[in-house]
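Here is a set of questions and answers about how the terms applied to this structure are earned. Each answer sets a value against its definition.

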Amino acid sequence: MTAFPPAARARRAALIGVVCAGLTAVLTACGEEPVDPDKGTNGVGRLSAPAIEAKARDAAREAESVRLSGTVVSKGRSYKLDMRLKEDGGTGSVTSKGSTFELLRIDDELFMKAGADFWDNGGQPSGSDEAAGKLEDKYVKVPDDDPVYDQLRGFTDKDVLLDGLLGLHGKLGKGERPKVGGVRTIEVTGGKGTGGTLAVSLLGTPYPLKLERAGGAGVVRLADWDKEFPLEAPGEGETVDYGGQLPKSSDAS
């Protein structure tokens, strides 16, 4: 029987230990169940794509408020939106063709505010600098019989905006599971992505958190669901009565 020196015995023991540890790890891993990607979530990831979209739509419809921001392309025009919306009104800004105006709606009362340049380019007669200056950074009440009233109101209407934006086109399928604003989501795709992609929260209520519209028609983020915010009518010193119809502006209409 061959006797191994102490150093050799130590090396052999170490080698056997490593081999055994590795074998144990493999056997243990083989015996483990696969990781559940929906563990710790609201469970909507286990549903079919149409069911996930329906859950997201229902959550959006039932929410009291939301902040909607991003870019929307409609009829060849690009609009940058940053709106806070709830059932009885909304407030925020709209930018188109480099011109920005603010909107504030409380029930059926709709106000618009913009800089002098906006009003100056609104089709007013030449020499109207003084009139534009009076309107600058003042809230102007939009008459409800003005042709642009309904369109401008649409930017402040939670249900109108969400119903118009959240639709996907084509056969629905499940996509990736990215994080949006640090929140785990699951994507629902239309037409394998060509018909739009909707990211739905996997935590808490399955709110829609991000929408990539079909055909490159914009990307919208949805946040601050059910977070209350104030809607207050502007003070008398903050408003100007334009009277009649607003000047026709290619930026507002």
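Q: Why is Asp82 called partly exposed?
A: Asp82 has a relative accessibility of 29%, and the term covers what lies between buried (under 20% relative accessible area) and exposed (over 50%), with a 1.4 Å probe and protein chains only, so Asp82 counts as partly exposed. This is a predicted model, in which local features need pLDDT of at least 70 and side-chain atom pairs count only at pLDDT 80 or more, while totals for chains, interfaces and linings use all residues. Residues are numbered from 1 along each chain as its sequence is written, and side-chain values use heavy atoms, with hydrogens and water left out.

Q: What makes the contact of Arg67 with Asp82 a salt bridge?
A: The closest N and O atoms of Arg67 and Asp82 are 2.8 Å apart, and a salt bridge is defined as a side-chain nitrogen of Lys or Arg within 4 Å of a carboxyl oxygen of Asp or Glu, so the pair qualifies. Arg67 lies in strand E1 (residues 65–74) and Asp82 in strand E2 (residues 77–86), so this salt bridge ties together parts that are 15 residues apart in sequence. Strands here are DSSP runs of at least two residues (E) and helices are runs of at least four (H or I), numbered from the N terminus.

Q: Why do Glu102 and Lys113 count as a salt bridge?
A: Their side chains meet at 3.9 Å, N to O, which is within the limit already given. Glu102 belongs to strand E4 and Lys113 to strand E5, so the pair ties together parts that are eleven residues apart in sequence. The two partners are covered to unlike degrees: Glu102, at 35% relative accessibility, is partly exposed, whereas Lys113, at 17%, is buried.

Q: How do you know that E4 and E5 pair?
A: Strands pair if DSSP finds at least two bridges between them, and six bridges join E4 (residues 99–106) to E5, the two running antiparallel. Within this pairing, Arg105 stands opposite Leu110. Strand E5 (residues 109–114) is also joined by two bridges to strand E6 (residues 139–141), again antiparallel, and Phe111 has Lys141 as its bridge partner in E6.

Q: What makes strand E5 mostly covered?
A: Five of the six residues of E5 are buried.

Q: Which parts of the chain does the salt bridge of Arg153 and Asp108 link?
A: The side chains of Arg153 and Asp108 meet at 2.9 Å, N to O. The pair links Arg153 in helix H5 (residues 149–154) to Asp108 in the loop between E4 and E5, 45 residues apart. Asp108, at 56% relative accessibility, counts as exposed.
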